[in-house]
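The exercises below ask you to work through a structure step by step, each task being followed by a worked solution. Please keep the sequence and the model open while you read.

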Amino acid sequence: MANNASDDDDETYSARRQQSRVKRRKTNAGRPIATGHRSTRATASLTGILDAFQYGIQLGSTSDEETRDDECFDTVVESLLPEYLQTRHDAWARRCDINESGEAIRPLSRYETTAILDYANKKNKGTGTPSIAESIVLRKIELQRQRRRANAQSPLHALKPPSLTSLQVPQQSSAPSAVLDHLRTIQSTPYENSFASRLYGSKPRRTPGLIAVDWETRTPWTNLLDDIHEHYSLAHAEREQPGRIRVPITYASLQPRHLSQVHDLLIRVFWDGINISDSLKYSPEHCTVIATYGHLVVGAALLSSPQETYITYLVVRAGWDNSQIATTMLYHLISLNPHRDITLHVSVDNPAMLLYNRFGFKAEEFIVGFYEDYLSSQSRASMNAFRLRLRR
């Protein structure tokens with residue numbers, strides 16, 4: 001009977017011990033961990049989890065059953081889990097990047113890499129050979145895992161040669177110093193103006209509201225600048241000649257930076273008190289054409305609105321006339337408003353009548369004293385005007 005009691009006690013103690021072990025090995029979900037679970041690098045590389053394991057083992061070695069139930073592994077992990085999650089979130093935030101769509105992306109973790117490879121292997125066993133794209137992606141993921149296992153920080157470390165060779169310092173050239181000085185004085189052509197840019201293309205600066213660019217037109221002002229530059233070169237041949245940058249005439253829609261120069265130009269040519277700031281509110285891309293040379297406004301053509309299509313002003317700066325600038329601005333202004341009649345008033349003695357006639361404008365009405373409210377009595381321009389219309 002003593003032996004049977006001893007055996008019963010041994011069985012009771014063994015059952016209690018197994019039950020306590022199951023309790024200590026429960027997860028947060030309350031399910032016991034399978035005995036065949038294999039600890040991988042993804043799960044065993046966390047310092048906090050290892051400390052929790054060590055603390056749980058120390059608790060398991062105690063003989064107090066209530067202490068083991070109250071301070072089991074789940075309780076320890078539950079207290080450490082918020083800190084671990086915050087640390088992982090901070091690490092991911094440092095490693096995240098932004099793609100072209102503005103979305104945050106991060107590298108795969110070890111667990112995610114292993115899970116993807118295992119899923120791909122199971123899928124390939126059932127479906128056969130993966131596609132080329134899938135093979136490339138899986139190969140990259142596998143290489144990433146191998147580098148992590150080898151503690152490689154970058155792919156460049158794997159390609160680093162085993163030894164380094166010393167840099168050979170080039171010897172000084174034996175050419176005469178005069179030849180070297182002449183070679184150093186050679187100025188290279190800017191890429192934008194080079195033959196290579198014509199072959200491979202160039203990326204010029206983007207001009208807001210750009211309509212056209214004219215590289216061929218020569219105006220009286222640009223001819224004067226060329227004469228001054230040539231005179232300086234002949235008078236001071238011994239000096240270093242400054243290089244000249246060729247600038248085109250650019251046609252664009254009205255921009256806020258043009259307002260001050262356009263106002264000054266209109267006041268000089270017409271009369272005081274002109275303000276075209278409202279043109280920025282009424283589709284300036286269809287109603288305005290501004291000609292500029294660099295940052296200088298050399299001409300302006302303005303419509304009242306896309307609905308009325310009435311030409312209010314057409315002006316060219318002095319020294320830039322007789323160079324087809326007005327013709328180009330009027331052409332683009334008409335092209336920007338197709339299938340609509342365009343009207344205007346012009347003084348009877350204004351040479352611009354010939355320009356309008358070339359574009360097909362026809363006189364509809366003769367108005368006496370049209371400009372009396374705008375021009376002074378001492379003005380040489382006629383007060384009478386024609387009303388012209390371009391029928392479309």
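**Exercise 1. Find which residues make a nonpolar surface patch of about 290 Å², and decide whether isoleucine 186 is buried or exposed.**

Solution. The model is a predicted one, and in it the patch of about 290 Å² is made by Val179, Leu183 and Ile186. The next step is to place isoleucine 186, which lies in the loop between α9 (177-184) and α10 (195-200). Its relative accessible area is 60%, and since exposed means over 50%, isoleucine 186 counts as exposed.

**Exercise 2. Work out which salt bridges arginine 391 forms with aspartate 341 and glutamate 364, and where the partners lie in the chain.**

Solution. Side chains of opposite charge can pair when their charged atoms come close. The structure holds seven salt bridges, and one of them joins aspartate 341 to arginine 391, with 4.0 Å between the closest N and O atoms. Aspartate 341 sits in the loop between α14 (325-335) and β8 (342-347), while arginine 391 belongs to the segment after β10 (385-390), so this pair ties together parts that are 50 residues apart in sequence.

The side chain of arginine 391 also meets that of glutamate 364 in a salt bridge, at 2.9 Å from N to O. Here too distant parts of the chain are linked, because glutamate 364 is in strand β9 (residues 362-367), 27 residues from arginine 391. Through salt bridges that share partners, Asp341, Glu364, Arg387, Arg389 and Arg391 become one network.

As a last step, consider accessibility: arginine 391 is exposed at 61%, whereas aspartate 341, at 26%, is partly exposed, and glutamate 364, at 37%, is partly exposed.

**Exercise 3. Describe the salt bridge between aspartate 226 and arginine 218, and state how accessible each partner is.**

Solution. The two side chains meet with a distance of 2.0 Å from N to O. Aspartate 226 has 26% relative accessibility and counts as partly exposed, and arginine 218, with 43%, also counts as partly exposed.

**Exercise 4. Identify which residues touch the most other members of the largest nonpolar core, and which element gives the most to this core.**

Solution. In soluble globular proteins, nonpolar side chains tend to be buried together. The largest nonpolar core has 29 residues, and those touching the most other members are Tyr251, Ile311, Ile325, Met329, Tyr356 and Phe361. Several elements each supply at least two residues of this core, among them β4 (249-252), β7 (311-316) and α15 (352-358), but α14 gives the most, with six residues.

Methionine 329 can then be followed outward: leaving aside neighbours within four places in sequence, its contacts include Tyr251, Val289, Leu314 and Val316. A second, separate core of 18 residues includes Leu266, Ile274, Ile276 and Val297.

**Exercise 5. Determine whether threonine 327 and histidine 263 are buried or exposed, and what each touches.**

Solution. Threonine 327 is found in helix α14, and its relative accessible area of 19% makes it buried, because the cut-off for buried is under 20%. Its side chain makes a polar contact of 3.5 Å with the side chain of glutamine 324, and beyond four places in sequence threonine 327 is in contact with Leu355, Arg358 and Phe359.

Histidine 263 has its place in helix α12 (residues 259-269) and, at 17% relative accessibility, counts as buried. Not counting residues up to four places away in sequence, histidine 263 touches Ile274, Asn275, Ile276 and Ser277.

Conventions:
Residues numbered from 1 in each chain as written. Predicted model: local features only at pLDDT ≥ 70, side-chain atom pairs only at ≥ 80, totals over all residues. Heavy atoms only, no water. Buried < 20%, exposed > 50% of the residue type's maximum accessible area, 1.4 Å probe, protein only. Helix = DSSP H or I, 4+ residues; strand = E, 2+ residues; numbered from the N terminus. Polar contact = N/O pair within 3.5 Å; in protein donor to acceptor, adjacent residues only side chain to side chain. Contact = heavy atoms within 4.5 Å. Patch = residues over 30% accessible without salt bridge, like charges linked within 9 Å, V, L, I, M, F, W, Y side chains within 5 Å. Areas by Shrake-Rupley, 256 points an atom, 1.4 Å probe, with all protein chains shown as cover. Core = buried A, V, L, I, M, F, W, Y, C linked by side-chain atoms within 4.5 Å.
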